[in-house]
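Trainee: I am new to this structure and would like a close look at a single part of it. Please pick one stretch of the chain and take me through it piece by piece.

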Amino acid sequence: MADPPGCCRPCATCLLCLYSCQWITAKKEKKKGLHTTKCDCSWFFFLFWVFLFTLVWLYFAIIILNDFHNFNEFIFKQRKLWLDWSLVLLITTAVLVTYSAALLVLALCLQICGQPLKLHWLHKALLILTALVVAAAFTGLGIKWAEEWRSAHISLQATGPFLHFGIVGGMTLLAWPLASFIYRTSNTGLKVFLLLVYCAVMIALYLAPLGITSPCIMEENQLPPKPALVGHRGAPMLAPENTLMSLHKAVGCDVQVFETDVMVSADGVPFLMHDEELTRTTNVQAVFPERAALNSTAFNWTDLQQLDAGSWFLERRPFPTVQSLSAGDRYRVTEQRIPSLEQALEAAKQSNISIMFDLRPENHSDYQSFVNATLEVILQSGIPLQQVLWLPDGFREQVKQQAPGIQQVYGRKRLQNEKEPLLRVNLPYQDMSSEEIRQYRQDNISVNLYVVNQPWLFSVLWCSGVSSVTTNACQVLKEMKHPIWLLPSSTYLMIWIVVDCISFLAILWAFLLVK
């Protein structure tokens, strides 16, 4: 084994042994006549592809964290098992990325040192397993959570410029092992092919900013006002959702609207509850074990008042923030009960915030009576009607007639030739593009998008000009005084040119130096 340039013999031997899982000394390698075969090259390209595959999945995993609480709730409804599956996702993804990245670094170092790429069969099996696991994850995402593809598209508006710089840097570093391989191989056809592919990729990357768009590429004086915050079921990271404590915590986060869900008890009392069953957010299994699986509307108000609506928050810890609660807050959590709509309206009136709600379940046979009971409580509460935002579509015209002061919020986009112009819409953040948000803003239509928890997403929507966002993380978004990043187009253009020039010069240097 000739001493390769820039590599000491022990280092080269260690690299080869880690990659091949065999202790191969210089004497043994010379005796065996080891060299990189076409099969070895194929496995190297497969390794490179698996690394990119896992890296893309890591990006997706980070993006879908914004919506992962919904996944946790879905699993609980299906299996009655609560676990923060985001930790499982991140740990598994980190292991897969780290493993494939470590193998790739070993392979590149071996190539620079002029050593054969003899990948052990165990590594081959694990790489195939890694590819299958990531493929299964992408397939499951496409089948059960297809809207996350749109989330990924939106995320590129926040990360696009930085991903471009990072990929250019990575491909530039790849020039060193590529140059080493090209100068050592005697296969002219393979040399030409690799050079053409590499040049085509680099040219595409150098021109990529022409296709990168982001609402945050703008001048400072063009930045729209910060979106108002709507507390999703209150402040569910700081207190049990849909409780009075959650409402008061949301007020402390400067939210302007308390978003909640209303159901009506068997004896006609509207109360706050999101799930159709009480099992996730109360101790109904302990108090009424034989009735735990019943719909929330099957319980009368006296029964509902016996339930603890707070202790589950400390037991299951739906968010990591639960661990940082003070002793006083922990005690208050255990005192929480299911609030009636009347109590919530009184708290909203005293706190001078608006309240927006859905009325569930929409397919109930007594839904009209639910609407009547809810309207009656609102009209008797004394809250200014302009502070009430009505989301349900069922019997909306009746609501307009009986309480014309209530603000109507629609869960759809406006239609062509709309008879009555929409003033407020409430939609998933994936359903509106930056261009649509700007157009609605120009037409004085208030746009609220849900559920927005991550600062990167809030920044993109802020730059787009959205009116408000519904969030679980009001305590985080409250502290944001500015989008995460804002670049004038002239500055971005200058950075783009500088990065591309440095990359081009570094690639030329790599090929000249290795030669």
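Mentor: Take residues 227–481, a span that is 35% helix and 16% strand, with its end C-alpha atoms 11 Å apart. The model is a predicted one. The choice of limits comes from UniProt, where an unreviewed entry lists residues 227–481 as "domain: GP-PDE".

Begin with strand 1, which covers residues 228–232. Five of its five residues are buried, so strand 1 is largely enclosed by the rest of the structure. Follow the side chains along strand 1 and two directions appear: Ala228, Val230 and His232 point one way, while Leu229 and Gly231 point the other way. Residues on both sides are buried.

Strand 1 has two pairings to look at. With strand 9 (residues 468–471), strand 1 pairs in the parallel sense over four bridges. To find this pairing in the model, look for Ala228, which stands opposite Ser468 in strand 9. Strand 2 (residues 257–264) also runs parallel to strand 1, and three bridges join the two. Here the residue to look for is Val230, which has Val257 of strand 2 opposite it.

Now go to a later stretch of the chain. Strand 7 takes in residues 424–428 and strand 8 residues 446–450; the two pair in the parallel sense over five bridges. In this pairing, Asn426 faces Asn448 of strand 8. Helix 18 (residues 434–442) joins strand 7 and strand 8 in a β-α-β unit, and the unit is right-handed.

One residue of strand 8 can be taken by itself: Tyr450. Its relative accessible area is 31%, so Tyr450 counts as partly exposed. Compare its position with that of Ile353: the two residues are 97 apart along the chain, and their C-alpha atoms are separated by 18 Å.

Next comes helix 19, residues 455–464, which is mostly covered, with nine of its ten residues buried. Among the buried residues are the aromatic-named positions to search for in the display, Trp456, Phe458 and Trp462. Leu457, Val460 and Leu461 are also buried, as are Ser459, Cys463 and Ser464. Just after helix 19 the chain reaches Gly465, which takes a positive phi of about 100°.

Finally, look for enclosed empty space. The structure holds one cavity of 30 Å³ or more. The volume of the largest cavity is about 60 Å³. Its lining is made by Glu241, Asn242, Thr243, Leu272, Met273, Thr281, Ala309, Trp312 and Ile338. By class, that lining has five nonpolar residues, three polar ones and one charged one.

For some context outside the span, the largest pocket has a volume of about 840 Å³. It is lined by 29 residues, and those nearest its centre are Phe51, Leu52, Leu55, Gly166 and Ile167. Helix 7 (147–173) is one of the helices that each supply at least two lining residues, and its share, ten residues, is the largest. The lining of this pocket has 24 nonpolar, five polar and no charged residues. UniProt, again in an unreviewed entry, lists several transmembrane regions, including residues 41–65 and 192–212. Over residues 41–65 the chain is 92% helix and 0% strand, and over residues 192–212 it is 76% helix and 0% strand.

Definitions and conventions:
Residues numbered from 1 in each chain as written. Predicted model: local features only at pLDDT ≥ 70, side-chain atom pairs only at ≥ 80, totals over all residues. Heavy atoms only, no water. 1 Å grid on protein atoms, 1.4 Å probe; cavity = no way out; pocket = protein on both sides within 12 Å on 5 of 7 lines; lining within 4 Å. Points joined across faces, edges and corners; volume = space filled by probe spheres on them. Nonpolar A, V, L, I, M, F, W, Y, C, P; charged D, E, K, R; others polar. Pairing = 2+ DSSP bridges. Right-handed = clockwise from strand over helix to strand, strands pointing away. UniProt positions renumbered as here; feature names shortened; annotations may be inferred. Buried < 20%, exposed > 50% of the residue type's maximum accessible area, 1.4 Å probe, protein only.
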